[in-house]
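Me: I would like to go through this model with you and ask, for each label that is put on it, what the label rests on. Please set the values against the cut-offs where a conclusion depends on them.

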Amino acid sequence: MKKICSAAILLAAFASAHAENFTFAYTFGDSQAITGSLSGHLNGDLVENVSNVHINFNGTDFTGSLAGASWDASTHNWNSAAGAVVSTVAGKNNFIFADANPQTNYNDVTNYFFFVTSSDAQIGNQAYALNCNGNCTDMAFDQPTNNISWSLVAAPVPEPGSAAMLIAGLGVAGVVARRRRQA
């Protein structure tokens, strides 16, 4: 019985260690739309450890891996070490997702989406998207941000591997229990 309880605790820890998947959407004032997905852990209304970001702007996917950063009002620059601040509450967003590190390789950035709520007069409250997969004509800008059009929701996707492992584990536990009763 101790082994079964230990296995159940390990299984629960394994399941909680996986990041959640989220989908997001933002519609600019001119009706252009950006959608995407990301992984992370929801803590209150903030998503921590953001990774695996995918973005689609006006029907065109951003290519390559995307780096995340947040706007630092004290340095008036992007801070990649601080990471992106993504929230279910639009007014708390402070992020850029770009195809190059916006802090160290700004000249290499060609595709990006940023949504910043800041008291810094240099950037203020704005959302901007640019996708240069083609001719760099996909561009949208809102200042101030259109907070009512921001959406970030959990997209629970069952993991077939985890379910299979749970069933297999329960099966093994049943076989062990049966053998003990027979002995």
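Me: Which residue in β7 is the bridge partner of Leu-46?

Reply: In this predicted model, the residue of β7 that bridges to Leu-46 is Ser-87.

Me: What makes β3 and β7 a strand pair?

Reply: Two strands count as paired if there are at least two bridges between them, and β3 and β7 are joined in the antiparallel sense by two bridges, so the criterion of at least two is met. Strand β7, residues 86–87, also has the highest mean pLDDT among the elements, 97.

Me: How do you know that β3 pairs with β2 and with β4 as well?

Reply: The cut-off is again at least two bridges. Eight bridges join β2 to β3, residues 46–57, and these strands run antiparallel, with Leu-42 standing opposite Val-47 in β3. Between β3 and β4, residues 60–61, there are two bridges, also in the antiparallel sense, and Asn-56 has Asp-61 in β4 as its bridge partner. Both pairings therefore satisfy the requirement of at least two bridges.

Me: Which residues take a positive phi in the hairpins of β3?

Reply: In the hairpin of β2 and β3, which has two residues between the strands, Gly-44 in the turn has a positive phi of about 70°. In the hairpin of β3 and β4, likewise with two residues between the strands, Asn-58 takes a positive phi near 55°.

Me: Why is Phe-28 called buried?

Reply: Buried means under 20% relative accessible area, and Phe-28 counts as buried because its relative accessibility is 2%. Phe-28 is found in the loop between β1 (20–27) and β2 (33–43), and, leaving aside residues up to four places away in sequence, it touches Ile-34, Phe-57, Phe-113, Ala-127, Tyr-128, Ala-129, Ala-140, Phe-141, Asp-142 and Asn-146. The C-alpha atoms of Phe-28 and Ser-149 are separated by 7.6 Å, although these residues are 121 residues apart along the chain. Phe-28 also belongs to one aromatic cluster, whose members include Phe-57, Phe-113 and Trp-150.

Me: Why is the pair of Tyr-112 and Tyr-128 called stacked?

Reply: A search of the whole structure finds 18 aromatic pairs. Rings pair if their centres lie within 6.5 Å, and planes under 30 degrees apart count as stacked. The ring centres of Tyr-112 and Tyr-128 are 5.6 Å apart and the planes stand at 25°, so the pair is stacked. Because Tyr-112 lies in strand β9 (residues 111–117) and Tyr-128 in strand β10 (residues 125–131), the pair ties together parts that are 16 residues apart in sequence.

Me: Are these two tyrosines, Tyr-112 and Tyr-128, buried or exposed?

Reply: Tyr-112 counts as buried because its relative accessibility is 11%, and Tyr-128 is buried with a relative accessible area of 16%; the limit for buried is under 20%.

Me: What makes the pair of Tyr-128 and Phe-141 edge-to-face?

Reply: Planes over 60 degrees apart count as edge-to-face, and the planes of Tyr-128 and Phe-141 are at 65°, with 5.8 Å from centre to centre. The pair links distant parts of the chain, with Tyr-128 in strand β10 and Phe-141 in strand β11 (residues 138–142), 13 residues apart.

Me: Why is Phe-141 placed in the class between buried and exposed?

Reply: Exposed means over 50% and buried under 20%, with partly exposed in between; at 42% relative accessibility, Phe-141 therefore counts as partly exposed.

Me: What does the side chain of Asn-94 reach, and how do you know that Asn-94 is buried?

Reply: The side chain of Asn-94, which is found in strand β8 (residues 94–98), reaches the backbone nitrogen of Trp-71 at 2.7 Å, a value that can be set against the polar-contact limit of 3.5 Å. At 15% relative accessibility Asn-94 counts as buried. Among the residues that Asn-94 touches are Trp-71, Trp-78 and Phe-115.

Me: Where does the predictor's confidence call for care?

Reply: The mean pLDDT of the protein is 84, and 77% of its residues reach 70 or more, but helix α1 (residues 2–16) has the lowest mean pLDDT among the elements, 50. Where pLDDT is low, the predicted coordinates should not be read in detail.

Definitions and conventions. Residues numbered from 1 in each chain as written. Predicted model: local features only at pLDDT ≥ 70, side-chain atom pairs only at ≥ 80, totals over all residues. Heavy atoms only, no water. pLDDT = per-residue confidence, 0-100. Helix = DSSP H or I, 4+ residues; strand = E, 2+ residues; numbered from the N terminus. Buried < 20%, exposed > 50% of the residue type's maximum accessible area, 1.4 Å probe, protein only. Contact = heavy atoms within 4.5 Å. Polar contact = N/O pair within 3.5 Å; in protein donor to acceptor, adjacent residues only side chain to side chain. Phe/Tyr/Trp six-rings, centres within 6.5 Å; stacked < 30°, edge-to-face > 60°.
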